[in-house]
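User: I have a model open here and want to understand the words used to describe it. Can you take me through the reasoning?

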Amino acid sequence: MTMDKTGVLIEIRDVRKSLKGHQVLKGVNLNVYKAEILAIIGVSGGGKSVLLKHIIRLMKPDFGTITIDGKDITVLADRQLNPIREKFGMLFQSGALFDSINVYDNVAFPLRERKKMTEEQVRKKVLAVLDDVGLSGMERKYPSEMSGGMKKRVALARAIVADPEIVFFDEPTTGLDPVRKNAIHSLIKQNHRKYGYTGLIISHEIPDIFDVADRVAMLHEGRIVFEGTPEAIMSSDIPEVKAFIHCCPAAGAK
Amino acid sequence: MAEIMINVIKRFFGFIGAPVVALLRDLGMMGMFLANTVYHTVSPPFKPRLIVKQTWFVGYLSLTVILLTGAFAGMVLALQIFYTLRKFGAESMLGPAIALSLIRELGPVFAALMVTGRAGSAITAEIGIMSISEQLDALHVMALNPVRYVIVPNFVAALISFPLLTAIFDVVGIYGGYLVGVKLLGVSSGVYFGEMRNFVLMEDIRIGFYKAVAFAVIVSWICCYKGYTVGKRSGFGAQAVSKATTEAVVTSSVSILLADYIIGSFFV
């Protein structure tokens, strides 16, 4: 990447999107800085996943621009987009593991297809990453044979295996028990420290996510209503933010 | 009164127009999908391993059903045609009649219909599930084109398998006819095959081959497209997959017979 360490890596400007007559994004403005972990929080159905799909260009906005590393990806052709996407790693909400191949091949997939590596190098790397996420010895299992938490960890391994510069996490812990949730969170933190990527996490896990993220943005009814540090959001006076963060004291304890 | 009439007319055209526009849009998208598939089929990087795997699935695993249906198709043909030919005292023509029917029409059509039911439906369901479980999106995000990884192998596998399966169907059918015609109904073996050699031309075999290739394109195109677009048009989740699978099989089957007629009418 050409940016300096504090530079803006992803710049979202006035992005609007309507789906089936309902305006989901009503002008989103957001910066993601290089090497930070930014968490996007907000109520379910508030457009967080839709926003993420715009950043990875699975959707195109009706209006506005999304600039990654200086290039407006909303107007790029697929061929020009691919060099940018090659820097991505993505953990899908559902895992999106290839269910006809085993865990090892799933994690090896981005390496085999995108990097010029020998099978021996691939093996070393895959086993190392699987060890990182605590799944050593599970290589021959198929995704359908695994629990939800294990699938998420495989998906995490696949997302980071090709040394991406930007990693997107779409609700990495939703539906997991507290132990697994903490495990995933600390994995993300450790990995981030180890590999130094820029991370974008969509999450409902309040307040746990504040330990992981460097900055937090709250998406509410199609707009970013707050952007700042975890400390700042805890003491924010914005009514929507207050309602969301303090509405359910049990949320953090569950 | 006039206003009501205008409203009725408006509604009438809306009623007819909406499905027509939807159909045209769908056809346009299907056309682009095929063009995209062909482009990725002929441009590198190629994925030979995936192609071999799909050829095994579409072709080899269809052998049993092709052998069974081929044998019975030939046997039934022998019974029916023998019954008709006997009325004219032309039993000696049993061989060519069976061979021509199989090679020109029934072989390609039956083989295509059987593979559609066995492999086409499975392809639609598999790609459809990959679509709704975001596996295709995952490929996109990895900067890999799902068409190259998921669609092209099926397309090439069909192009390889259909002509071969058709040839096997024809041969098995001819021997099924032999079994009934010669062994059961008493036509002489020499006449059965001898007359076949006199009447079946290379042209006939070529027509059967053209049809097999055309059906391969039609079936893989429709089945892949229906799977690929699950959830993008109507319905969600498991129901969308089941709907797409049904549509794929029905549309493919109708298209096979339609194309059979069109191609056949060029070579009367």
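**Helix packing and overall build**

Analyst: Sure. Start with α5(A) and α6(A), which are roughly parallel to each other. Keep in mind that this is a predicted model.

User: Why are α5(A) and α6(A) called roughly parallel?

Analyst: The axes of α5 (residues 148-160) and α6 (residues 178-195) of chain A cross at roughly 10°. Angles under 35 degrees count as roughly parallel, so α5(A) and α6(A) get that label. Their axes come within 11 Å.

User: Which residues make the contact between α5(A) and α6(A)?

Analyst: From α5(A), Gly149(A), Lys152(A), Leu156(A) and Ile160(A) take part. α6(A) brings Arg180(A), Ile184(A), Leu187(A), Asn191(A) and Tyr195(A). By type, that contact has five nonpolar, two polar and two charged residues.

User: How do you know whether chain A agrees with a compact globule?

Analyst: Set the radius of gyration against the globule rule. For 254 residues, a compact globule would come out near 18 Å, and chain A has 18 Å, so the two agree. The C-alpha atoms fill a box of roughly 55 × 45 × 40 Å along the principal axes.

User: What makes up chain A, and how much of it is buried?

Analyst: Chain A has nine helices and 10 strands. Buried residues account for 39% of its 254 residues; the cut-off is 20 or more other C-beta atoms within 10 Å of a residue's own.

User: And how many residues does each chain give to the contact between chain A and chain B?

Analyst: Chain B gives 10 residues and chain A gives 14 residues. The chain B side splits into five nonpolar, three polar and two charged.

Conventions:
Residues are numbered from 1 along each chain as its sequence is written. Chains are lettered from A and ligands numbered from 1 in the order in which they are written. This is a predicted model: local features need pLDDT of at least 70, side-chain atom pairs count only at pLDDT 80 or more; totals for chains, interfaces and linings use all residues. Two residues are in contact if their C-beta atoms, placed from the backbone, lie within 7 Å. Ala, Val, Leu, Ile, Met, Phe, Trp, Tyr, Cys and Pro count as nonpolar, Asp, Glu, Lys and Arg as charged, and the others, Gly among them, as polar. Helices (H or I, at least four residues) and strands (E, at least two) are DSSP runs, numbered from the N terminus. The radius of gyration is taken over C-alpha atoms; the globule rule is 2.2 Å times the number of residues to the power 0.38. A residue is buried if 20 or more other C-beta atoms lie within 10 Å of its own, exposed if 12 or fewer, and partly exposed in between; C-beta atoms are placed from the backbone. Axes are lines fitted to C-alpha atoms, for helices over the stretch in contact, and angles run from 0 to 180 degrees between N-to-C directions. Angles under 35 degrees count as roughly parallel, over 145 as roughly antiparallel, 65 to 115 as roughly perpendicular and the rest as oblique.
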